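User: I would like to see how a few of the labels attached to this model follow from its computed values. Could you take me through the reasoning?

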Amino acid sequence: YLDGSALFGHTLTRVGFLGGWRSAVDRSRERRVFSELERRLDDVAVMELAPPPGIDLRPLAPEEKPDLSDLWAPANARQLRHVFENAVNDGAIALVACEGSRVVALDLISGRGGEDVEIVSPGACYGFLLIEAPPARGRGIGLALTAYSFVLARELGFRAQLTHVWEGNRA
């Protein structure tokens, strides 16, 4: 289950193992729609997806402080950097896609939740804050990083990964 009260001002409903996805409407003024997704991690072999040539996928070491400024629009950078730092300080694992020494995509996984979402189901983790630098989009990097997060989550003992995708997300 994930139980969230607010997600950047949007309300998440309580969800359990969904076996697929469903749409939910938040109760804010904007009434944005998102899909809540669950990915069972029983067969990680089918989840492996090679990244594009020149892209390295790996967990970010706790002592690493990479430049993530290319990932976020300047108007959102401070807020999202704060979300990232708080999540990592709370135990989330940061996964990165690098092109050379430059981080071109980021994803977080947490057994506790994140972004005001609390995981309340044993064996589940929450994947969130997946973002790619604009020049990296459309190359399959985000998809490869997501698949990598499933493999790593399974290696860490999780049986399912939960997330959400906002309506209008073209990725």
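Analyst: In this predicted model, R39 belongs to strand β3, which covers residues 33-40. R39 and T163 are 124 residues apart in sequence, while their C-alpha atoms are 8.6 Å apart in space.

User: Why is R39 called partly exposed?

Analyst: The relative accessible area of R39 is 33%; because buried means under 20% and exposed means over 50%, with partly exposed in between, R39 is classed as partly exposed.

User: How do you know that the length of helix α1 agrees with its number of residues?

Analyst: Helix α1 holds 16 residues, 74-89, and since the expected span is 1.5 Å times one less than the number of residues, it should span 22 Å; the C-alpha atoms at its ends are 23 Å apart, which agrees.

User: Which residues of α1 are buried, and what covers them?

Analyst: L80, V83, F84 and A87 are the buried residues of α1, and their cover includes β5 (93-99), β6 (102-110) and β9 (124-132). After the helix comes G91, with a positive phi near 110°.

User: What makes β5 and β6 a pair?

Analyst: Two strands pair if there are at least two bridges between them, and seven bridges join β5 to β6, which run antiparallel; therefore they count as paired. E99 has R102 in β6 as its bridge partner, and in the hairpin, with two residues between the strands, G100 takes a positive phi near 70°.

User: How many bridges join β6 to β9?

Analyst: Five bridges join these antiparallel strands, with I109 opposite G127 in β9.

Terms used
Residues numbered from 1 in each chain as written. Predicted model: local features only at pLDDT ≥ 70, side-chain atom pairs only at ≥ 80, totals over all residues. Heavy atoms only, no water. Helix = DSSP H or I, 4+ residues; strand = E, 2+ residues; numbered from the N terminus. Buried < 20%, exposed > 50% of the residue type's maximum accessible area, 1.4 Å probe, protein only. Contact = heavy atoms within 4.5 Å.
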